[in-house]
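Hi,

Here is the model I promised to pass on. Have a look at it first, and my notes follow underneath.

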Amino acid sequence: MLLLNCPWCGPRDETEFHYGGQAHIAFPAAPAELDDREWAEYVFYRDNPKGPFAERWMHGTGCRRWFNAVRDTVSYRVLATYRPGDPSPVTPGDGDPPATGPSADAPRTDDRRMAEEAGGPR
């Protein structure tokens, strides 16, 4: 069983959360201009790495806010959790969070939108 650290509520059991898929998937800038192949790629195609993977989770029985987590798909260990709009504290391929703060990953626009919808930082 996983122990997830909600950025707002603290560590909680995995049963309190709902998985939301891959993190950092930007909504298309001009959705009306996408053809069927491009829509299929946006809706269905996701990464499936072996190692650290950024995911979205929602604290369903707690604050009901969305957040991101980096989980190692080999060991199932959660390496870090962070609020939408914040940079990932783990660079893919690192395996462990850095000791000196977050990496220089730029937050994606969908994370900012989700943070605003969830009542998070603006």
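Let me start at the surface. Val 43, Phe 44 and Tyr 45 together make a nonpolar patch of about 380 Å². Keep in mind that this is a predicted model. Val 43 sits in helix 1, which covers residues 36–44. With a relative accessible area of 41%, Val 43 is partly exposed, and that clears the 30% needed to join a patch.

Next, the cysteines. How many disulfides are there by the distance rule? The count comes to zero. Cys 6 has its closest cysteine sulfur in Cys 63, at 3.7 Å, which is too far for a bond, because a disulfide needs the two sulfur atoms within 2.5 Å. Cys 9 also has its closest cysteine sulfur in Cys 63, again at 3.7 Å and too far for a bond. As for their surroundings, Cys 6 is buried at 2% relative accessibility, whereas Cys 9 is partly exposed at 27%.

Cys 6 brings us to strand 1, residues 3–6. Which residues are on its covered face, and which on the uncovered one? Leu 4 and Cys 6 are on the covered face, while Leu 3 and Asn 5 are on the uncovered one. That fits the general pattern: in a regular strand, side chains alternate between the two faces of the sheet.

Strand 1 pairs with strand 2 (residues 10–13) in the antiparallel sense, over four bridges. The two form a hairpin, with three residues between them. If you want a spot to check the register, look at Asn 5, which stands opposite Pro 11 in strand 2.

Then there is the other sheet to look at. Four strands make up an open sheet in the order 3-4-5-6, with antiparallel pairing. Strand 3 (17–22) and strand 6 (78–82) are at the edges; each has a single partner strand, so one side of each is left without a neighbour in the sheet. From one strand to the next, the twist averages 30°.

Inside that sheet, strand 4 (residues 52–59) and strand 5 (residues 66–72) pair in the antiparallel sense over seven bridges. To find the register here, go to Ala 54, whose bridge partner in strand 5 is Val 70.

If you only have a minute, I'd go to the cysteines: Cys 6 and Cys 9 each have Cys 63 as the closest cysteine sulfur, yet the disulfide count is zero.

Cheers

How values were computed
Residues are numbered from 1 along each chain as its sequence is written. This is a predicted model: local features need pLDDT of at least 70, side-chain atom pairs count only at pLDDT 80 or more; totals for chains, interfaces and linings use all residues. Side-chain values use heavy atoms; hydrogens and water are left out. Patches are made of residues with over 30% relative accessible area and no salt bridge: like charges are joined within 9 Å, nonpolar side chains (Val, Leu, Ile, Met, Phe, Trp, Tyr) within 5 Å. Accessible areas come from the Shrake-Rupley method with a 1.4 Å probe; for residues, only the protein chains shown count as cover. A salt bridge is a side-chain nitrogen of Lys or Arg within 4 Å of a carboxyl oxygen of Asp or Glu. Buried means under 20% relative accessible area, exposed over 50%, partly exposed in between (1.4 Å probe, protein chains only). Two strands pair if DSSP finds at least two bridges between them. Axes are lines fitted to C-alpha atoms, for helices over the stretch in contact, and angles run from 0 to 180 degrees between N-to-C directions.
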